[in-house]
Amino acid sequence: MIFDPASLPSHRQTIRPISATALHGIVFQDDKLIAIDAKNGYLYQIALDTGHTTVLNSHRWQEFVGTTGLAIDDQNNLWFTTRENLYCCTLEDFTPKFFTRLPYTANGVAVTANTIYVTCQRSGQIFIFDRQSGQEITRLYAPGIGIENITIRGEELWLTDTLEQTVYCLDRATGEQLFSMITPFESPTGLAFYRDANSGKDILYVAYAFQEPFIRDNPNSEQVYELSYRPRTFVHPLYFHYDPAKKYALSNGYLIELSYVEELEPLYNIELKDVEWRIALPLETPRQKIRSVEAVGLPFTEEIQDGQRVAVFKFKQITAKQRHIFGWKVVLEVWGIKYQITPKDCEDLPPLPADFPDRYLIDN
């Protein structure tokens, strides 16, 4: 792979707050995660190490119902969006103070020392306001088509898109898209960076909220098993790597154990000698690497055929009475990949090789 997975920050577990139904905006305060549940208005404070969850606004949750965007400024004031409005409050009394109103529903919010960024799906823009005067400074184009949440890291704007299942990284000054990456789960609804104390690196956490189908056991129904839906929401770390030279971004790698096994059971009374049985191994690509290979049933030798690794099994003799199982088992390192290709990158392309159509159309 391009980088060593061992160099990634220490492993963090998926966070599943008890009673949460639709997490959206998330933000970090020291070693605690603060997350908003848009459906019930609960503002959760979650300890990363233990997962202990506390409802902070137990007396003022009504004002937070429908909240999607969340941010904390340098003075520990909480900023949040509800419907078309942007509010600010303290973390002691949670009394909302009106800041500004957008022409359409406000989705996400991010705050710096001097400016406030608010995303709006209906307008397809990021509104930028002066934090002191509340006046609109300018607007940036928002990539994607879904509901977007937003956070800031240095001179970068980071956004999630619920429909495109994508995280975008933009230049904070110009709004130019630097790169984007796929999330491992559908409907990302919020994001925030956490500085890992052990490695000193930033870990990107992404919140998800969607409805998942499940089989419901209903003993009171004639049809005992029913297809139903239930809310699923959690916060998961998103590891990524962007290669600007090769124009792609990798995200959230997994180790997959894959086996391919043949069973030799002849149907006819035949006898074959000096048989070679070839089984291709998984192809290595920018998003896929073979970690280990081992034989199943019978040993094999490896050959390279047209640039691909192939397992070769050799039989001196095969008769109708013989029975064999043989194949391979591999451990694959697989990443999500998203190419950063623009129309300009497709200009002045060389013609396809003459043999390319024939190779592409081979039934293999």
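Hi everyone. A quick word on terms: when I say helix or strand, I mean a DSSP run, with at least four residues for a helix and at least two for a strand. Counted that way, this protein has 1 helix and 26 strands. Please keep in mind that we are looking at a predicted model.

Let's start with the overall dimensions. The C-alpha trace spans about 85 × 65 × 45 Å along the principal axes. The radius of gyration is 27 Å, whereas a compact globule of 364 residues would come in near 21 Å. Among contacts between residues at least 6 apart in sequence, 53% join residues at least 24 apart.

Now the surface. About 20,600 Å² is accessible, and carbon and sulfur atoms hold 50% of that. As for charge, there are 34 positive and 47 negative side chains, yet the centres of the two sets lie 2 Å apart.

And the inside? Of the 364 residues, 43% count as buried. The largest nonpolar core has 17 residues, and the members touching the most others are Ile 15, Leu 23, Ile 26, Phe 28, Leu 33, Tyr 205 and Val 235. Strands S1 (23-29), S2 (32-37), S3 (43-47), S17 (188-195) and S18 (202-217) each supply at least two residues of this core. Apart from it lies another core, of 15 residues, including Leu 264, Val 275, Leu 281 and Phe 326.

Let me finish with one residue from the largest core: which residues does Ile 26 touch, leaving aside those up to four places away in sequence? Among them are Leu 33, Leu 70, Leu 191, Tyr 205, Val 206 and Val 235. Thanks, everyone!

Methods
Residues are numbered from 1 along each chain as its sequence is written. This is a predicted model: local features need pLDDT of at least 70, side-chain atom pairs count only at pLDDT 80 or more; totals for chains, interfaces and linings use all residues. Side-chain values use heavy atoms; hydrogens and water are left out. The radius of gyration is taken over C-alpha atoms; the globule rule is 2.2 Å times the number of residues to the power 0.38. Buried means under 20% relative accessible area, exposed over 50%, partly exposed in between (1.4 Å probe, protein chains only). Contact means heavy atoms within 4.5 Å. Accessible areas come from the Shrake-Rupley method with a 1.4 Å probe; for residues, only the protein chains shown count as cover. Lys and Arg count as positive and Asp and Glu as negative; His and the chain ends are not counted. The place of a charge is taken as NZ of Lys, CZ of Arg, CG of Asp or CD of Glu. A nonpolar core is a set of buried Ala, Val, Leu, Ile, Met, Phe, Trp, Tyr and Cys residues joined through side-chain atoms within 4.5 Å.
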